[in-house]
Amino acid sequence: MTRDELRQALLGVLKEIAPEADLSRLAPDAPIRDQLDIDSIDFMRLLIGVHEKLHVDVPEADYPKVAALTGLLDYVDARLAGGSAQE
Amino acid sequence: MPALGADMTAGRLIAWLKRPGQTVTRGDIIAEVDTDKGVIEIEVFTSGVLEKILVEPGAKVPVGTPLAVIREAGGTPAPAPVAVALPEGRARVSPAARRLAAELGVDPAAVHGTGPEGAVTLEDVRQASGKGARGERMRQAVAAAVTRSKREIPHYYIGHTIDLGPVTTWLAEQNRDRPVARRLVHSALLVKAVALGLRDFPELNARWVEGRVAPIADINVGLAISLRDGGLVAPALHHADRLSVDELMASTLDLVGRARAGTLRSSELSDPTVTVTILGDRGVDTVYGVIYPPQVAIVGFGKVVQGAWVVDGGVVARPLVRATLAADHRVSDGHRGALFLAAVADRLREPGRL
């Protein structure tokens, strides 16, 4: 999966969590939760969506690393490349 | 047409999902109705055979109007006479959409249809008019409910700061080894503690109807969910006191997802017996709730913050949350409310037993 495909996949998950959001205005380096007004339940839904679609399970200790879109992208990219993605 | 909220007076039938002659079982979703809370799936409350449909798609009928006749197994159908506005069929624009278009001053021929075969739907007309989008209609429903609440219900407000140290430690331990889909967040434990606490305070899990309190046996916690387009819903977590924390978490994820997607079910909107609102995600310390009539209590939680807490005479930093109760003073007094909040705090001291 190319980086752009990965980005589209993550935006697809976000669109399911926040269908009313205009994702074209999402700043890649600012926290997703603040920008899209995502609460803790929606954040769980986002991570569950990432797990379902991309088979990467982000452990609780790594939540700070995936706060912004770029961080999430880097994280998932690295996990997929490293072959250490959990099921 | 079920009442799906304190101030719902009518609903518009959108589609039947069962045909006459089909067998239906209690809990089946048989129709979709357009309300000020969005499109709601209507569940059937009895089992039998769908004998006759009384309200055609497109028709708007008052709450209480029979929608269909269901013949119970071995029984005879109850006659349910009702005046029904039957839509005259004209291609591409339903009579309901045409009427709405007239109300909103929209030319239906100029509206882009997104329905089957390009049919113009009610939503298309609303979109074209720029009026009545879901958020705006919901805002009106919320306005009606809270206005009635503040006009009729003498609220009292009390608060209780709870040490969430045990809960936070327990959650971290649990979540460390759980896959993401099975991880828990605070809210599941808070809701469970409230639901269990209500067992001993039936006057807070009740309705105020015609000047007297009517306790309700089931504890269905309405979870306040703020929709980002301006709406607010509080659908039921049915029998929250009897669900495990894991079940509550799964139900919460499901409920939030469907609230955002606009596919809540009728029973979820009509059944809550109390409301819980958790507003800590945006830094709120204390929630002063407005009761959703005819309920008589709403429990609020603010942000979990590290704060100074005295343990054994020494000050320590602990994760604290402010729990509040807004309750109907006609039904209960502050003293009972205080005992209830203390009971919730007690439950949260032993999260493993929730």
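Three strands of chain B form an open sheet in the order 2-5-7, with antiparallel pairing. This comes from a predicted model. The edge strands are strand 2 (23–24) and strand 7 (68–72) of chain B, each pairing on one side only. Strand 5 (residues 48–53) of chain B runs antiparallel to strand 7 of chain B, and five bridges join the two. One of the paired positions is B:Gly48, whose bridge partner in strand 7 of chain B is B:Glu72.

Chain B also holds a sheet of four strands. This sheet is open, follows the order 4-3-1-6 and is antiparallel in its pairing. Strand 4 (38–43) and strand 6 (60–62) of chain B form its edges, and each pairs on one side only. On average, neighbouring strands here are turned by 40° against each other, direction ignored. Strand 3 (residues 29–35) of chain B pairs with strand 4 of chain B over six bridges, in the antiparallel sense. Within strand 4 of chain B, B:Ile42 is the residue opposite B:Ala31. As a general point, strands of a sheet pair through backbone hydrogen bonds, either parallel or antiparallel.

Further along chain B comes a hairpin. It is made of strand 17 and strand 18 of chain B, with two residues between them. B:Asp312 sits in the turn and has a positive phi of about 50°. Seven bridges pair strand 17 of chain B with strand 18 (residues 314–328) of chain B, in the antiparallel sense. B:Ala308 stands opposite B:Ala317, a residue of strand 18 of chain B. Is strand 17 of chain B buried or in the open? Of the seven residues of strand 17 (residues 305–311) of chain B, zero are buried, so the strand lies largely in the open.

One helical residue of chain B can be placed in more detail. B:Glu123 belongs to helix 2 (residues 122–129) of chain B. B:Glu123 has 19 other C-beta atoms within 10 Å. A residue counts as buried at 20 or more, so B:Glu123 is partly exposed. B:Gly113 lies 10 residues away along the chain, and its C-alpha atom is 9.3 Å from that of B:Glu123.

The two chains can be set side by side.

| Chain | Residues | Helices and strands | C-alpha span along principal axes | Buried residues |
|---|---|---|---|---|
| Chain A | 87 residues | four helices, zero strands | about 35 × 25 × 20 Å | 26% |
| Chain B | 354 residues | eight helices, 18 strands | roughly 80 × 50 × 45 Å | 39% |

Chain A reads α-α-α-α along its sequence. Its radius of gyration is 12 Å, which agrees with the value near 12 Å for a compact globule of 87 residues. For chain B, the radius of gyration is 23 Å; a compact globule of 354 residues would be near 20 Å, which agrees. Contacts with a separation of 6 or more were also sorted by distance in sequence. In chain A, 61% of them involve residues 24 or more positions apart. In chain B, 62% of the contacts between residues at least 6 apart join residues at least 24 apart.

Where do the chains meet? In all, 17 residues of chain B are in contact with 16 residues of chain A. On the chain B side, helix 4 (165–176) and helix 6 each supply at least two residues. Helix 6 of chain B gives the most, with six residues. By class, this side of chain B has seven nonpolar, four polar and six charged residues.

Helix 3 of chain A is covered from both chains. Its buried residues are A:Ile41, A:Asp42, A:Met44, A:Arg45, A:Leu46, A:Leu47, A:Ile48, A:Gly49 and A:Val50. The cover includes helix 1 (3–17) and helix 4 (69–82) of chain A, together with helix 5 (186–198) and helix 6 (245–261) of chain B. What span should the 15 residues of helix 3 (residues 40–54) of chain A have? At 1.5 Å a residue, the expected span is 21 Å; the end C-alpha atoms are 21 Å apart, which agrees. Just after helix 3 of chain A, A:His55 takes a positive phi of about 60°.

Technical notes
Residues are numbered from 1 along each chain as its sequence is written. Chains are lettered from A and ligands numbered from 1 in the order in which they are written. This is a predicted model: local features need pLDDT of at least 70, side-chain atom pairs count only at pLDDT 80 or more; totals for chains, interfaces and linings use all residues. The expected span of a helix is 1.5 Å times one less than its number of residues. A residue is buried if 20 or more other C-beta atoms lie within 10 Å of its own, exposed if 12 or fewer, and partly exposed in between; C-beta atoms are placed from the backbone. Two residues are in contact if their C-beta atoms, placed from the backbone, lie within 7 Å. Ala, Val, Leu, Ile, Met, Phe, Trp, Tyr, Cys and Pro count as nonpolar, Asp, Glu, Lys and Arg as charged, and the others, Gly among them, as polar. Two strands pair if DSSP finds at least two bridges between them. Axes are lines fitted to C-alpha atoms, for helices over the stretch in contact, and angles run from 0 to 180 degrees between N-to-C directions. The radius of gyration is taken over C-alpha atoms; the globule rule is 2.2 Å times the number of residues to the power 0.38.
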